[in-house]
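Let's walk through a protein structure together, one piece at a time. Keep the sequence and the picture side by side as you read.

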Amino acid sequence: MKFFKERKLRIDILTAFSLLICITVICEILYSTNINKKLILNFEKEYYSKNISTSMTKYFDNYLSQIEITMQAFADHFDDSEKDKFKGYDKLFSNGIKNMPYVTSFYIGLKNGTYFQFRNLEGLTSYRSNTDISLPVYAKYALKRIIDIDGKLVESWDYMDENFVIFSKEKLPSISFLANKRDWYLQSEIQKKPIWSNVYIFSTTKLPGITLSMPLGYYKDNSAIGIISVDISLDHFSELLKRIKMTDNAESYLISEEGEIVATSLEMKTFEIDEKTDDLTLIKTTDTDNSVLKMAAKNLINANTQHTKISVDGIEYTASLKKLEKLPFYLISIAPQSDFTSAFENVRINMFLISVFLFLVSFGVIFVLSRRISTPISALCNSAKAIGEMWLDEYPNPPKSNIVEIRELSSAMDSMKLSISTFAKYAPKDLVRKLVKKGEEPILGGMTKEITMFFSDIEKFSTVSEKLPAEYLILHLSEYFDEMTKEIMKHNGVIDKYIGDSVMAIWGAPNPDEKQVINACNAALGCQRILEELKEKWAPLGKPPLPTRIGIHTGQAIVGNIGSQDRMNFTAIGDSVNIASRLEGANKYYGTKILVSENVEAIAKGRILFRVIDKIAVKGRSSGIVVYEPLCSMKDADDENYYKLIDLCAKAKEAFELYQSQEFAEALKHYRSMKLLFPGLDLSLEPLIKKCEEFIHPPC
């Protein structure tokens, strides 16, 4: 009986896992994988190479054929006898570009140099006649015309929104090109049939693509009346490849006969453009970092075969190649062999049925053992997790168990909880928790980081401390620190330390915080709001208010563990820390509650409303810094006070700019006017008024 009540945990674990291993081994022996592997390889070759790659190629060729059919229909609409040669093409092209999102533009060029193009504005951001003027965000399409007016070719552009409503027109001082001199025009005229161009850079958008061109008809001298064309960017071919891939993890590529990557279903760079010459260079498969594609292309194109198997980093792939009929491109598809195992559902079902049968047989044995092990271990895991993350208030009592090791571990957990609970009273739990999550052992040293520092100090605390007995003062301060700490932590701040009645907090360390400046400002505003609420709460109890000054600065500082090997403190040092401390002290002179540096205002403006105060000298810096008072968060501003605060900020900025320009008399007028308009700001305006008066009438 003693064996069952106090047996070793190791025996339970070995017994359970031995049974599970035996069952797994028997299953592997009974159901051989060799036959399945051979079936998979045969299936891949027959199905993937012959069926999937062929159907993908046909889909692509049909896609190109549909474009040719559409363009032929557009060409048949042309009537050379019409006075307006382009009559009706605005509707044809607008419908075409709306229903064919992969098309960049449709256009017609005639022998006399006239030109008609309907295009989307992908790649265009400014007007053509003045590239310094940006197109509005709702600009979607454009209609470009080059027409003959009294023997002179004139180019115009009509800009449209997504509903094809024209919102702006312009005429260019000169035409941008002659259509009948372009390569797509000349090649189609010479070959007298629809032709697909090579990949090139579109002259207007500077994006790579290809063009389909075909003649509209011919004059008696066998010269073409004109050429109709359509542009398709390479990005649209890539989108098409993404839609037609046949397995979840397959990769598809269009490869030129020279081994260049024309398009791909992956998000990867396929070309480079020389900014000086606009020359296009397609990246070759031999130059790519994709080792799977590089090996597949080598085995398929160089060996002139349609199917190959490759292995990269221990993963087996199947690759196939087909040549397109319409374009001189190869379609290469690559898929991991694991994608094809789904076809063998019957094999998995049989395996599952065998596993279920064996599980039912062994269930009775494993159930008792697993329950005896899993239940106490699971409870201990929860206890350990609570201790590890220092959530001591949520610490569950360790389980009771007959297993010796678990009983001893439970006792050790209780002792650990007591030790950490005691330690947590002397260190910021939030800071320790974040350092522990990083999984690094604390060592002396630091690094330079962009952080935001927060300093607070209670006004006239010496006076308050003299009036209260020590025990009451400690309780009063504890409530104050508790509320301040909660608000700072609520906005992702970390308490560095309490220095007497002061609080030093950090944003951006030890964990990065992309909104550290905004969070620090919101925490400061929140602290002042809470102190007002506490003031009303404390007044009936006879407790004195604790008005607090706060300084905030963001910048580079050295952050890390400072101290000795036996005892260290995670903190920040450097000029940025000193500036935040000095800003806190500057509140006393300007009669403000929160002051932030110009660095903070530059980042948080638009999210926080700031009033400029003054430019102050900072020890250790050759030039002063401009300081601001945050008034409120934009999202928390109410309609009644918002416009009043906006007016205050505008007047403060105007007065400060006059002061900076040494127009002290005008600045003085503005500050005195603000004093009348905003009576509550007497304390913060008086130092500025005094400065202006001293500059106007300097003391003898």
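Begin with one pair of residues: lysine 497 stands opposite methionine 504 in strand S19. Keep in mind that this is a predicted model. The lysine belongs to strand S18, which covers residues 494-499 and pairs with S19 in the antiparallel sense over 5 bridges. As general background, strands of a sheet pair through backbone hydrogen bonds, either parallel or antiparallel. S18 and S19 form a hairpin, with 2 residues between them. In that turn you will find glycine 500, whose phi is positive, at about 65°.

Now look at S19 itself, residues 502-507. Why can we call this strand largely enclosed by the rest of the structure? Because 6 of its 6 residues are buried, where buried means under 20% relative accessible area. Ser502, Met504 and Ile506 point one way from the strand, while Val503, Ala505 and Trp507 point the other way, and all are buried.

Next, move back along the chain to strand S8, residues 208-218. This strand is mostly covered, with 10 of its 11 residues buried. Let's meet its partners. Strand S6 (residues 195-196) pairs with S8 in the antiparallel sense over 2 bridges, and here isoleucine 195 faces serine 213 in S8. Strand S7 (residues 200-201) also runs antiparallel to S8, joined by 2 bridges, with isoleucine 201 opposite proline 208. S7 and S8 form a hairpin with 6 residues between them, and lysine 206 in the turn has a positive phi of about 60°.

Then comes strand S9, residues 224-233, which is joined to S8 by 9 bridges and runs antiparallel to it. Here two glycines stand opposite each other: glycine 217 in S8 and glycine 226 in S9. Once again the two strands form a hairpin, this time with 5 residues between them. Asparagine 222, in the turn, has a positive phi of about 70°.

Let's turn to a sheet. Here 5 strands form an open sheet in the order S11-S10-S16-S15-S14, with antiparallel pairing. Which strands stand at its edges? They are S11 (261-264) and S14 (307-312); each has a single partner strand, so one side of each is left without a neighbour in the sheet. From one strand to the next, the twist averages 25°. For a closer view of one edge, find strand S10 (residues 251-256), which 3 bridges join to S11. In this pair, isoleucine 255 stands opposite isoleucine 261 in S11.

Helices lie against this sheet too. Helix H6 (residues 234-244) lies across S10, S11 and strand S16 (329-336), and runs at about 50° to S11. Helix H7 (residues 291-302) packs on the sheet as well, touching S10, S11, S14, S15 and S16, and its direction makes about 150° with that of S14.

Finally, let's visit an empty space. The second largest pocket holds about 1200 Å³ of space. It is lined by 39 residues, and the closest to its centre are Gln528, Lys593, Glu629, Pro630 and Leu631. Elements giving two or more residues to this lining include helix H12 (470-490), strand S24 (625-633) and helix H18 (682-696). Which element gives the largest share of the lining? That is helix H13, with 6 residues. Sorted by class, the lining has 13 nonpolar, 11 polar and 15 charged residues.

Technical notes:
Residues numbered from 1 in each chain as written. Predicted model: local features only at pLDDT ≥ 70, side-chain atom pairs only at ≥ 80, totals over all residues. Heavy atoms only, no water. Pairing = 2+ DSSP bridges. Helix = DSSP H or I, 4+ residues; strand = E, 2+ residues; numbered from the N terminus. Axes fitted to C-alpha atoms, helices over the stretch in contact; angles between N-to-C directions. Contact = heavy atoms within 4.5 Å. 1 Å grid on protein atoms, 1.4 Å probe; cavity = no way out; pocket = protein on both sides within 12 Å on 5 of 7 lines; lining within 4 Å. Points joined across faces, edges and corners; volume = space filled by probe spheres on them. Nonpolar A, V, L, I, M, F, W, Y, C, P; charged D, E, K, R; others polar. Buried < 20%, exposed > 50% of the residue type's maximum accessible area, 1.4 Å probe, protein only.
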